[in-house]
Structures are given as structure tokens and as C-alpha cells.
There are 2 protein chains.
Amino acid sequence: MSILTSKETDYAQWYNDLILKSGLAENSAVRGCMVIKPYGFALWENMRDELDKRFKETGHQNAYFPIFIPKSFLSKEAAHVEGFAKECAVVTHYRLKNDPDGKGVIVDPEAKLEEELIVRPTSETIIWNTYKNWIQSYRDLPILVNQWANVVRWEMRTRLFLRTAEFLWQEGHTAHATKEEAIEETEKMLDVYASFCEEYMALPVIKGVKTANERFAGAEETYCIEALMQDGKALQAGTSHFLGQNFAKAFDVKFADKDNKMEYVWATSWGVSTRLIGGLVMAHSDDQGLVLPPKIAPLHVVIVPIYSKDVAAREKIDQYAKNLVKELRSKGIRVKYDDDDTTRPGWKFAEYELKGVPVRVALGARDMEQNVAEVARRDTKEKMSLSLDNLAISIQELLDTIQQNMYNKALQYRSEHYTKVDSWEAFQEVLKTKGGFVAAHWDGTSETEEKIKELTKATIRCIPLNNPPEEGVCVFTGAPSKQRVLFAVAY
Amino acid sequence: MSILTSKETDYAQWYNDLILKSGLAENSAVRGCMVIKPYGFALWENMRDELDKRFKETGHQNAYFPIFIPKSFLSKEAAHVEGFAKECAVVTHYRLKNDPDGKGVIVDPEAKLEEELIVRPTSETIIWNTYKNWIQSYRDLPILVNQWANVVRWEMRTRLFLRTAEFLWQEGHTAHATKEEAIEETEKMLDVYASFCEEYMALPVIKGVKTANERFAGAEETYCIEALMQDGKALQAGTSHFLGQNFAKAFDVKFADKDNKMEYVWATSWGVSTRLIGGLVMAHSDDQGLVLPPKIAPLHVVIVPIYSKDVAAREKIDQYAKNLVKELRSKGIRVKYDDDDTTRPGWKFAEYELKGVPVRVALGARDMEQNVAEVARRDTKEKMSLSLDNLAISIQELLDTIQQNMYNKALQYRSEHYTKVDSWEAFQEVLKTKGGFVAAHWDGTSETEEKIKELTKATIRCIPLNNPPEEGVCVFTGAPSKQRVLFAVAY
């Protein structure tokens with residue numbers, strides 16, 4: 001008996017149940033904004049710390065820019081304002097006052113801002129307005145800056161982690177002297193995201209570029225990584241944008257090159273957000289709860305004592321458990337000994353399964369007499385009888401095995417849900433039955449892309465990098481095509 | 001010749017020059033909001049990481065709550081809304097649209113929120129509205145949660161770090177079953193702040209409680225730590241509030257105790273902010289630039305080669321420097337070898353002094369022939385000729401010495417600027433001449449406190465904890481008093 005709706009019955013309900021019951025997040029009193037609970041935030045901290053390390057290793061520094069963007073800044077880059085104007089939280093006043101009718105407080109009409117401020121949906125405009133003062137010559141370049149921040153996009157239909165009005169993210173904003181260097185940076189950060197997802201989140205991703213339709217508002221080229229969820233839908237896990245000179249031109253940011261010639265600066269921006277937590281949950285979890293890759297799990301191992309009435313046996317269990325905890329901690333393994341007497345082992349087993357703790361060790365008197373413990377893997381639900389000798393080492397190896405197995409499993413699922421199709425019938429059929437990525441020829445026009453979306457809900461997730469050239473005809477229009485692109489229904 | 005206004009000439013100008021020229025922060029295009037530049041943000045990261053470690057060691061977890069607070073929430077606690085209503089950024093709309101006159105974008109009047117949202121000035125209200133759902137019984141308590149976040153208070157007169165419309169901070173919000181436990185938590189977190197400031201920031205602080213006038217809006221008791229700056233003004237470096245049952249009552253948060261009786265929950269909140277960076281700068285720095293305590297300095301050591309034209313000597317310097325870098329890094333020391341050929345050593349010396357790097361090592365051919373290097377301390381500006389043998393160990397010890405010396409120096413300054421006075425004349429005279437903390441008897445009334453502030457700008461910074469009882473008479477009214485309190489002019 002599961003406390004969750006099963007994936008089979010209703011995937012969306014399963015996801016929502018799981019987020020709430022595992023204690024990752026919940027909806028708040030503010031429409032579309034979530035509360036990230038301690039267990040969910042611990043996931044985000046692990047992701048953030050690892051990403052931050054990788055950003056710093058690639059030469060980036062953190063900084064912090066204002067949360068507010070003057071309305072006029074947003075308008076300076078035409079495509080940018082077009083993309084964000086419809087979902088902006090707007091600050092118009094800076095003071096409340098007592099309601100003269102005595103009913104609480106009202107907005108003080110005399111405290112109206114001369115120019116409205118937008119709560120940042122992304123920070124290109126405020127940052128490029130700042131960079132203008134930081135950049136005079138080629139010696140000031142490159143600027144390699146990242147910001148960890150909250151942003152707000154007034155989404156009408158929200159879902160915990162996947163689409164919320166406020167979310168947490170990081171946004172890198174870099175400035176370069178040449179187009180080549182900016183493109184190199186864009187691609188480098190895409191690689192950082194991809195290897196983070198694969199090595200750390202056990203999440204295989206496909207690297208590619210977006211079509212013009214799906215490009216970031218203000219970008220020349222949007223690179224992305226696309227992951228596949230267990231319901232066959234794709235999820236964009238991160239984006240890295242080559243912004244050309246668009247923002248430099250909008251904010252008049254020029255530099256003197258080595259020949260003292262004034263040139264516009266080249267830009268990139270790149271980001272991942274708390275949305276990744278939604279992807280992590282949907283890619284790996286099951287009907288019993290979360291399944292977390294060890295590298296990201298707030299808790300790696302839980303030890304549960306199976307007490308008998310024999311006091312001596314209890315003491316032996318406690319003694320062994322405490323030593324094991326010490327040994328595991330010395331290996332950097334996050335472990336909890338749950339000797340709470342007020343709940344039964346069965347209840348604890350279910351609870352830690354729900355929380356996705358990768359390894360559970362049950363210590364019972366009878367097992368210990370045989371010099372073994374029962375060790376359960378969360379990913380496969382396999383139970384093993386492992387020797388008490390060198391148990392810490394066995395567990396350490398098991399954690400590595402679980403990390404690798406989760407990646408392999410997700411990769412296999414993706415391989416099974418990656419289908420080449422060459423006809424419109426097959427295209428529709430695959431989307432209807434198995435879902436996943438559909439590799440198909442496309443005539444390269446936005447019209448066809450939109451028509452296909454209308455008819456099937458599938459969008460072009462990306463044109464994969466290093467895509468092999470292949471002659472073919474568009475599945476929809478029959479017009480000639482030089483390569484396949486990846487379609488999928490997406491979150 | 002300094003690039004900074006001297007402290008003597010104009011302390012406020014010195015501070016502003018220093019923040020700008022050392023690259024810590026700058027003003028942004030948004031009134032009152034600052035840009036925290038990479039060097040300043042690196043300071044904040046070091047402070048945040050250390051504080052976060054100490055919070056977790058005392059049993060706290062991080063979480064994240066919405067940036068927006070419905071206007072009606074703010075009104076639920078009477079003193080709270082009174083304290084914050086006058087400085088709120090208010091979101092009234094959620095969409096922009098194209099100006100029909102074709103001039104950029106305007107706020108879409110059709111996208112008006114039913115209820116205005118306040119950008120959080122502090123999060124008690126949204127958090128207690130959330131805790132209501134988390135707490136049913138005593139088993140759900142305590143809740144020990146902290147949040148790292150940005151907050152907005154619409155200040156009219158702002159100064160970089162010290163008072164900005166947006167700032168970064170952490171706010172702990174805890175819930176307890178008993179009054180005693182909540183008070184214990186309030187005091188525990190004050191101790192965490194105090195030991196962090198003293199051990200890590202080299203900043204001696206006085207622990208105390210605020211008078212009713214200076215209490216946090218909604219608190220029963222506000223504990224604080226007060227530091228002294230080099231101009232004799234005090235700076236509140238952190239606060240920890242015992243909130244009683246005020247927010248539990250405002251949001252109707254009750255729990256069933258062990259006897260199944262429903263009781264209101266007891267609360268605390270506590271915070272420190274980027275303001276601390278301002279305090280750090282003002283407590284230690286000098287006319288040449290920042291002076292940073294090693295524990296918080298983004299860079300501990302800079303090595304500057306003094307090249308001659310002799311190529312062999314250059315190579316010897318390079319070789320030695322690279323080994324030293326390796327050895328220092330293996331000790332966890334943050335070091336940079338600045339072998340940039342395009343700037344002269346003298347320029348580098350000034351630059352790293354401005355940046356407050358605690359130790360500078362100059363490697364010259366002649367010195368090296370004598371098996372020594374010139375090592376300069378930033379705090380005392382002392383230069384030493386140290387043996388190249390075991391130089392890494394000497395530097396490590398020197399960093400400890402600098403940390404301790406900076407604390408001692410600040411403590412000595414404070415001792416010299418802590419004056420007991422017993423007459424109104426002496427009170428005024430001390431404030432006018434030497435400033436600092438003035439320990440004086442006070443009659444305990446808000447009227448006297450306000451009158452003294454009017455006349456001298458000095459406020460009661462705190463009633464020190466463990467204050468010895470002492471009979472006396474109020475310096476201003478002559479009314480009887482049982483203890484001295486600490487007055488100072490404050491930031």
C-alpha cells in the first residue's frame with residue numbers, strides 16, 4: 001500500500017504527491033510561489049555547491065546585482081522585452097499607510113515611483129547597464145561573473161519546482177572581446193552543465209541548439225541540454241546563450257581593442273534553476289518515493305536497529321551502530337542512526353524509502369550473531385546480507401554502484417525512448433504510444449514547427465550538436481532536409 | 001600619496017572611497033540598491049559559509065520562503081506593520097504591455113493584483129503563516145530553520161553596505177514549545193553571532209538587550225551585539241529576537257502539548273546582513289585601503305617577484321615562487337603569484353594594500369642570494385626579512401598572529417573608547433571629543449532616552465548582559481537608577 005498515487009495511474013498526481021509527502025516543497029499563500037522545505041533545500045544546496053565549484057574552476061567569480069530593473073531598461077533590447085513583458089511583477093509604490101477607514105493598511109498613493117521597477121525575470125539588462133562602467137579597454141575583458149539569485153516570472157499555470165512564479169537559479173553573465181571567445185564560453189558552460197547532470201545527478205542529457213522559435217529572448221543562439229523523464233516527456237535542464245552584441249548595443253558597451261579601435265562587446269549568459277530538482281525527481285523516483293543519486297542525497301545511509309527485548313543484544317547493536325557511523329563519517333558519507341524508540345522499524349523503512357535514502361542498513365540481533373547485517377538498496381530495492389567485517393567499505397562501494405546504476409538505467413530508458421521516424425504516421429504513432437525523443441527530418445521553417453506543435457504538442461527540443469548530416473524529407477511537409485532534429489512533448 | 005580621502009579629513013568620504021576603489025561594491029542604477037562586486041561578494045561568501053557551518057552545528061537547517069508577502073499578512077501583528085509599513089516596496093501589477101503611443105512598454109492596467117504584494121522586508125509573517133501547517137503537536141517542535149535571502153526596506157538615505165534598500169542577509173525563524181526554550185535559543189544565537197564576529201572578523205562586540213524604543217517591531221525582547229568603529233561610532237552587528245507568542249497569536253499557531261492541551265507556540269528570529277561588511281571595513285581599515293582579517297580575506301598572501309634583467313635570477317625566482325604557492329595551498333592558504341609583467345612592483349604593492357591582502361611576499365634576486373624574502377604585514381605595515389627555509393610555515397604563523405593582533409587592536413581601541421560618566425556635562429563632553437561607548441545611569445524612561453538622542457544624537461545601544469547592579473542617578477534627569485546602560489552615536 002503506497003501513500004502515493006502510482007505513476008501508472010496519474011503521473012502528474014504522483015509527482016505532486018511525492019514532492020509534498022517527501023517534504024521537498026509546498027505551495028505558499030502567494031499564488032505560484034513555493035516554500036522550499038529543509039529536505040528540498042538540502043538538495044539545492046548540494047547542487048549549488050557542486051555547480052559553484054565547477055564555475056570557479058572554469059574561472060568565474062560570483063557577484064550580486066539588484067533585484068529591481070527599471071522599466072525602461074527592459075525595453076532597450078527589443079526581443080528581450082517582447083519575451084518578458086507579459087510576466088513581470090511590477091513595483092509601483094514604496095510605502096504603505098494606515099487606512100483612514102481604520103481597516104489595516106493601504107498603499108500610500110503619494111508614494112508612487114517615478115519609474116516603475118520590475119522584479120528581475122533575468123538580469124541581462126541591469127548587468128549590462130553595470131558592465132558599461134566596468135569596460136573601457138580589452139584589458140578589462142573577459143568579465144566572467146555569475147550570480148546566485150531569486151527571479152520572478154508571473155506564470156499563470158504553475159507546478160512545484162517545474163514552473164513557479166519565483167524560483168532560485170544561477171545566471172552567468174560574461175563579456176568578451178571577440179565573437180569566437182564568446183561562443184567558446186557558451187559551449188564551455190553547456191559542457192559544465194552536461195557533465196554536472198550526468199556525473200552528479202545521474203541524468204543523461206542531449207546537448208543541442210534551439211530553433212529560432214525556442215531561443216532565449218535576446219540571444220543569437222541558445223544552446224541547451226535536454227533530459228528525458230519517466231513519462232516520456234522531455235525537460236530542458238539548462239541553457240547557455242550566445243547573445244552576440246545585442247546587449248552591448250542596447251546599453252552602448254564598447255571597448256578599445258589593441259589597435260585602439262572601439263568595438264561592441266560580445267556576451268553570453270547561462271543558467272540552471274530549482275527546476276532541476278523537478279527533473280531529478282521525475283527521472284529517477286518510483287511509487288514508493290524519491291530515488292536520489294548518492295552524490296546529491298542529503299543522507300546517504302540510514303541505520304535502523306531491530307531491537308529485541310534482550311538488553312545485552314540491544315547494547316551490542318548500539319555499540320556496533322555507533323562505530324559504523326563514525327567509520328562512515330570518516331569516509332565523508334552522510335549517515336544517520338535512527339534509534340528513535342517511538343516508531344517501529346517498518347514505519348522507518350517506509351519513511352526512508354519515501355525520502356530516497358540510497359542505502360538502508362538494518363541491524364538485528366539474530367543477523368549480528370551470524371556476523372551480518374541486512375543492507376537494502378533504494379534504487380533496485382534489492383536486499384543483501386553483508387558481512388559486518390569491512391561493512392563501511394562495502395557501503396562505500398555500494399554507493400558508487402548505485403550512482404552508476406541510476407545513470408545507466410536512465411540512459412537505457414532514454415535509448416529505448418529515442419526513435420527515428422520517417423513518416424508523419426509513425427511520428428504521431430510514436431508520440432501517442434511510447435513518447436520520448438523522436439528524431440525526424442524537418443524542413444527548417446517556423447511554420448512547420450508550429451503546425452506540428454499544434455497537432456501533436458511536440459516541439460523541437462534541439463538540433464543536437466555534432467548532428468550527422470543526412471539527406472531526407474520533412475516528416476510533415478515532405479520538403480528536403482539535411483539533418484534530423486529532436487522532437488518531444490516537453491515540460 | 002593615497003588615492004583615498006584620509007580618515008582624519010572626512011571619515012564618511014574615506015569609507016565611500018574605500019568601498020569603491022577596493023572594488024567591494026558600487027551604487028546601481030536603482031536608487032538605494034547596490035551592486036556587490038566580485039571582491040566584496042567573496043567576503044560575503046566567506047562570512048556566509050562560516051556562519052552557515054555554525055548554524056548547522058547548532059541544529060539548524062536551511063529552507064526558502066517566498067519573496068512576496070500579501071499585504072494583509074503584514075497587518076496581522078500590530079507592532080510589526082507599524083515598524084515596516086513606511087518602507088515597503090509594493091507590487092501592484094503582474095504584466096507590462098506595449099504603449100499604444102508606441103513608446104516602449106507601460107504597466108498593463110488590466111493586470112492589477114487583487115491584493116498587493118510586499119517585497120519582504122523580513123519574513124516573520126509569511127513564515128508563521130507557513131508554520132501554522134507544520135505544527136500540530138509538541139512532536140513537531142522545535143522548528144529550527146534559517147533562510148539566506150535578499151530583503152528590501154525602502155530607506156531614504158542609503159550608504160553602501162551600511163544601509164541599502166536591498167540587502168542580503170540570513171534570517172533564522174524558530175518555533176518552540178516553551179518560553180524558556182525560546183529564550184535559550186535567542187541567547188544561543190546571539191552567542192553564535194558574537195563568537196563569529198570575534199573569532200572570525202576580529203571584531204570585539206558587546207552583548208546586550210535593546211530598550212523598548214529600539215526593539216524589533218513585534219519582539220518581546222531584542223538581544224544585540226554592538227561593535228565600535230574607528231570614528232567612535234557604534235554599529236549594531238547582529239540581532240536575535242525573542243518574539244514571545246506574538247506571531248503565533250497573529251497567525252493562530254497552536255500545538256497540542258504532552259497533556260493534549262492547546263498552546264500558542266513560542267518564537268525567535270535572528271539575523272545578520274551584508275551590513276557586517278561595512279562594519280568589517282570601518283573597524284580595521286586605514287588610509288592605504290582595506291585591512292582584512294586573514295580568516296575572512298579572499299586572498300591571504302600575494303607573492304610579487306622583483307625581476308632583474310638577469311634571466312637566470314628570474315628563473316630562480318619563478319621556480320621558488322611556484323613551489324611556495326604549492327606549499328601554501330597545501331596548508332589551505334589562499335595565495336596568488338602575481339608575475340604580470342605589465343605592471344611594476346610598486347604599483348602591485350599599492351594595489352594589494354588597497355585590497356587588504358594580509359601578507360605580501362616580495363622575491364628579489366639579491367634577497368634570494370641571502371636566502372631571505374621580504375615579507376610585509378598589512379595590519380602593521382611592518383616589513384621583515386624572513387628565511388626562505390620553512391617560509392610557508394613562517395607565513396602560516398604570521399597569518400595567525402595578524403588575526404590575533406587585529407582583534408587585540410580593535411579591543412584596545414574599544415577599551416580606550418569606553419567611558420563611565422556620571423554627569424550630564426561629562427556625557428556631552430565625551431561624545432563631543434572622543435566618542436565611543438558611554439556607560440551612564442539612565443532613569444529607564446523612553447522620554448529621557450529620546451530627549452538625550454535629540455540633544456546629542458546618542459542612543460542607548462544596549463543594556464549589557466550580566467550588567468552589574470549599581471545604584472546611581474540618571475545623568476540627564478537625576479532620577480534613581482539601578483544600572484548603567486551603554487550610549488553611543490551609532491550607524
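This passage describes domains, chain contacts, strand pairing, helix crossings and backbone geometry in a predicted model.

Chain A is divided into three parts by an automatic or database domain assignment. Domain 1 is assembled from two segments, 11-70 and 128-284. Domain 2 covers 301-401. Domain 3 covers 418-488. Between domain 2 and domain 3 of chain A, the C-alpha centres are 49 Å apart.

The two chains touch. On the side of chain B, 50 residues are in contact with 50 residues of chain A. Strand E5 of chain B, residues 90-93, supplies the largest share of the chain B side, with four residues. By class, that side holds 31 nonpolar, eleven polar and eight charged residues. Strand E5 of chain A also spans residues 90-93, and pairs with E5(B). The pairing is antiparallel and runs over three bridges. Within it, Val90(A) has His93(B) as its bridge partner.

Strand pairing was also found within chain A. Strand E11 (residues 206-209) and strand E24 (residues 459-464) of chain A run antiparallel and are joined by two bridges. Here Gly208(A) is partnered by Pro464(A) of E24(A). E24(A) also pairs with strand E27 (residues 484-488) of chain A. That pairing is likewise antiparallel, with three bridges. Ile460(A) has Phe487(A) of E27(A) as its bridge partner. E24(A) thus has bridges to E11(A) and to E27(A).

Helix packing was examined next. In chain A, helix H9 (residues 311-330) and helix H12 (residues 391-416) have axes that come within 9 Å. The axes cross at roughly 50 degrees. This angle makes H9(A) oblique to H12(A), because it falls in neither the roughly parallel class, under 35 degrees, nor the roughly perpendicular class, 65 to 115. The crossing is right-handed. H9(A) contributes Leu324(A), Glu327(A) and Leu328(A) to the contact. H12(A) contributes Leu391(A), Ala392(A) and Ile395(A). Five of the contact residues are nonpolar, none is polar and one is charged.

In chain B, helix H2 (residues 38-57) and helix H6 (residues 179-200) also cross. Their axes come within 11 Å, at an angle of roughly 140 degrees. H2(B) is therefore oblique to H6(B), since roughly antiparallel requires an angle over 145. The crossing of H2(B) and H6(B) is right-handed. On H2(B), the contact is made by Glu50(B), Leu51(B) and Arg54(B). On H6(B), it is made by Val192(B), Phe196(B) and Tyr200(B). The contact residues of H2(B) and H6(B) divide into four nonpolar, no polar and two charged.

Some backbone geometry stands out. Most residues other than glycine have a negative phi, and most peptide bonds are trans. In chain A, the peptide bond from Leu141(A) to Pro142(A) is cis, with omega near -5 degrees. Pro142(A) sits in the loop between helix H5 (124-134) and strand E9 (143-152) of chain A. In chain B, a cis peptide bond joins Leu141(B) to Pro142(B), and omega is about -5 degrees. Pro142(B) lies in the loop between helix H5 (124-134) and strand E9 (143-152) of chain B. Asn466(A) has a positive phi, near 55 degrees, though it is not a glycine. Asn466(A) is placed in the loop between E24 and strand E25 (472-473) of chain A.

Definitions and conventions. Residues are numbered from 1 along each chain as its sequence is written. Chains are lettered from A and ligands numbered from 1 in the order in which they are written. This is a predicted model: local features need pLDDT of at least 70, side-chain atom pairs count only at pLDDT 80 or more; totals for chains, interfaces and linings use all residues. Axes are lines fitted to C-alpha atoms, for helices over the stretch in contact, and angles run from 0 to 180 degrees between N-to-C directions. A crossing is left-handed if the near helix is turned anticlockwise from the far one by less than a right angle, and right-handed if clockwise. Two residues are in contact if their C-beta atoms, placed from the backbone, lie within 7 Å. Ala, Val, Leu, Ile, Met, Phe, Trp, Tyr, Cys and Pro count as nonpolar, Asp, Glu, Lys and Arg as charged, and the others, Gly among them, as polar. Two strands pair if DSSP finds at least two bridges between them.
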